[in-house]
Amino acid sequence: MNLRRKIAVLGSTGSIGRQTLDIISEYPEKFEAYLLVAHNSADLLTEQAIKYRPKKVIIANEAHYRKVSEALSGKGIEVLAGDDAVAAAVRDPEIDTVVTAMVGYSGLVPTINAIEAGKKIALANKETMVVAGDLVNRLLKKSESVIYPVDSEHGAFYQCLMGEERKNVSKLILTASGGPFRQTPKDKLGQVRAADALRHPNWAMGAKITIDSATMMNKGFEMLEAKWLFDVSHEDIEIVVHPQSIVHSMVEFVDGSIKAQLGLPDMHLPIRFALGLPGRLASNSRKMTIADYANLTFEKPDYEKFPLLTAARTAAERGGNAACVMNAANEIAVAAFLRDKIGFLRIAEIIEETMEKVAFVANPTLDDYVASNAEARAFAETLL
Ligand code: MG
C-alpha cells in the first residue's frame with residue numbers, strides 16, 4: 001500500500017517550489033510530488049516532471065500548453081493548462097498537502113480552493129493572508145483544512161508557540177534582516193537600481209520578494225500575515241532588525257520570558273518543518289554551529305527610511321480591503337521598478353497614493369477583494 005503523502009506544489013519552478021521538491025526527494029518514503037503547477041516556466045516545469053514523475057502538471061499560462069504537452073507525451077503524466085485546471089486539480093481527493101508557492105495575489109484563489117477542499121496547506125504565499133486574512137480564517141473555521149506556515153518567521157512563531165497557552169502570549173517579535181539598504185543613507189535611496197536591490201545579504205529568493213525585502217514591504221506583509229495566522233493585534237507585533245538572520249523570530253510571554261527559534265538562513269528548514277508537522281523530519285543537512293555566531297545584533301527599524309512599514313500598520317488598523325489595495329499597488333510598483341521604469345522611492349509613494357484613492361470596503365467578500373485588487377492595480381498603473 002502506498003502511504004506516501006501526495007503533495008501538490010503550486011509554483012514549483014520558483015525558489016520555494018524548487019526547494020520544496022528538494023525536501024520531497026529527501027524523504028522518498030514519506031512524500032510524493034503528485035501535482036506540479038507553474039505559471040510561465042514551461043521548460044523547467046517539463047524538466048521537473050521528467051525528474052519527479054508527478055501524476056499531473058499544469059502550466060497556468062495556456063500559451064505554453066502545447067510545448068509542455070508535446071515534451072511530456074507518452075510519459076504517463078497528465079498535462080493541463082489554465083487557472084480553472086488549477087482550481088479543479090487542488091480539490092483532487094488524492095492530494096494531502098498543497099504547498100502554495102506562487103507569487104503575489106495569484107495565490108489567493110487556489111489557496112481558497114484548497115481550504116474548501118479540506119487540504120493541509122503549507123503556506124508560502126504570504127500575500128494570501130495579507131490580502132484576505134479575515135476571509136481565509138472564516139473559511140478555515142468551516143473546513144478541516146489547516147495552514148502550516150512556510151515563511152521562516154512564521155515557522156519560528158509556530159515553534160515558539162507550541163505547547164503554550166495563547167493567553168500567556170504578550171508579544172510576537174518579528175525579526176527582519178533589514179535588506180540590502182539597511183546601511184544606505186536615506187538620501188542615497190533615490191538612486192538605487194533594481195540590480196542593487198536584488199543583492200540580498202542573507203537569503204536567496206525570487207525577484208519580487210527580494211525587492212519587497214529591500215523596501216521592507218515584506219516585513220509589513222509578514223506583520224499582517226502573523227496577525228491573521230496567530231490571531232494577534234498588529235500592536236502586539238514588534239519588528240526588530242536582526243542583520244544576521246539567525247534568530248528567525250521570537251515570542252514574549254506574560255512572565256517576561258522570550259522564546260526564540262534559531263537556524264541557518266536556508267528556506268529548506270522552514271519547508272522541512274511545515275511538511276513534517278505534526279512531527280519533525282530528521283535530516284543530514286548542514287547544522288548550525290552556534291559558536292560561529294558570536295555577534296547576534298538587534299536594532300529598531302527605521303520607519304522614516306522605510307515608510308512601507310507604516311503603510312502596513314495603517315492597513316492593519318483600517319482593516320477591510322486596505323491591505324488588498326496596498327498589496328495590489330505594491331505588485332504594480334515592484335514590477336515597474338524591476339523594469340527600471342520607476343525609482344526606488346517611488347514604490348512607496350505609489351502605494352501610499354493608491355491606498356488613499358481606492359474606495360474602502362469594510363467587510364469584503366471574495367468578489368470585493370477581486371474588484372479591489374483590479375481597481376488598485378489600474379489606479380497604480382496610472383501613476384507610473
Ligand atoms: Mg520571511
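These are my notebook entries on a predicted model.

**Entry: the magnesium site**

I began at the magnesium ion and looked up its protein donors. They are Asp151 (OD), Glu153 (OE) and Glu222 (OE). I read distances of 2.1 to 2.2 Å from the ion. Next I wrote down how the donor residues are spaced in sequence: D-x1-E-x68-E. Glu153 sits in helix H7 (residues 152–161), and Glu222 sits in helix H10 (residues 217–230). These two are 69 residues apart, and the pair links distant parts of the chain. Are Glu153 and Glu222 buried or exposed? I found Glu153 buried, and Glu222 is buried as well.

**Entry: a lysine over a ring**

I looked at Trp228 and asked what lies over its face. Lys227 does, at 4.5 Å from the ring centre.

**Entry: aromatic pairs**

How many aromatic pairs does a search of the whole structure find? The search gives six. I followed up two of them.

One is Tyr158 with Phe273. I noted 5.9 Å from centre to centre and 70° between the planes, an edge-to-face pair. Tyr158 belongs to helix H7, while Phe273 belongs to helix H11 (residues 268–276). They are 115 residues apart, so I logged this as a link between distant parts of the chain. Tyr158 is partly exposed, because its relative accessible area is 22% and buried means under 20%. Phe273 counts as buried, because its relative accessibility is 7%.

The other pair is Phe181 with Phe344. Their ring centres are 5.1 Å apart. The planes meet at 85°, so I wrote down edge-to-face for this pair. Phe181 lies in the loop between strand S8 (169–176) and helix H8 (194–197). Phe344 lies in helix H14 (residues 344–357). The two are 163 residues apart in sequence, so the pair ties those parts together. I checked burial for both rings. Phe181 is buried, with a relative accessible area of 4%. Phe344 is buried too, with 5%.

I also noted a cluster. Tyr148, Tyr158 and Phe273 form one aromatic cluster.

**Entry: strand S5 and its partners**

I went to strand S5 (residues 97–100) and looked at both faces. Thr97 and Val99 are on one side, Val98 and Thr100 on the other. I found all four buried, and both faces are covered.

Which way does strand S1 (residues 5–10) run against S5? The two run parallel, and four bridges join them. Ala8 stands opposite Val98 there. I then turned to strand S6 (residues 120–123), which pairs with S5 in the parallel sense over four bridges. In S6, Ile121 stands opposite Val98. How does the chain cross from S5 to S6? I traced the path through helix H5 (residues 108–116). This β-α-β crossover is right-handed.

**Entry: a hairpin**

I compared the S5 pairings with strand S10 (residues 247–253) and strand S11 (residues 258–262). S10 and S11 pair in the antiparallel sense over five bridges. Val251 has Lys259 in S11 as its bridge partner. S10 and S11 form a hairpin, and I noted four residues between them. In the turn, Gly256 has a positive phi of about 95°.

**Entry: helix H9**

Why did I mark helix H9 (residues 207–215) as largely enclosed by the rest of the structure? I did so because seven of its nine residues are buried. I listed the buried ones: Lys208, Thr210, Ile211, Asp212, Ser213, Ala214 and Thr215. What do the buried residues of H9 pack against? I found helix H6 (126–141), H8, H10, helix H12 (308–318), helix H13 (322–338) and H14. Just after H9, Met216 takes a positive phi of about 70°.

**Entry: Glu78**

My last stop was Glu78, which lies in strand S4 (residues 78–81). I put Glu78 down as partly exposed, because its relative accessible area is 39%. Which residues does Glu78 touch, not counting residues up to four places away in sequence? I found Lys55, Lys56 and Val57. I also looked up Leu35, which is 43 residues from Glu78 along the chain. The C-alpha atoms of Glu78 and Leu35 are separated by 9.5 Å.

Technical notes
Residues numbered from 1 in each chain as written. Predicted model: local features only at pLDDT ≥ 70, side-chain atom pairs only at ≥ 80, totals over all residues. Heavy atoms only, no water. Buried < 20%, exposed > 50% of the residue type's maximum accessible area, 1.4 Å probe, protein only. Contact = heavy atoms within 4.5 Å. Pairing = 2+ DSSP bridges. Right-handed = clockwise from strand over helix to strand, strands pointing away. Donors = N, O, S within 2.8 Å, 3.2 Å for Na, K, Ca; no water. Phe/Tyr/Trp six-rings, centres within 6.5 Å; stacked < 30°, edge-to-face > 60°. Lys NZ or Arg CZ within 6 Å of the ring centre and 35° of its normal.
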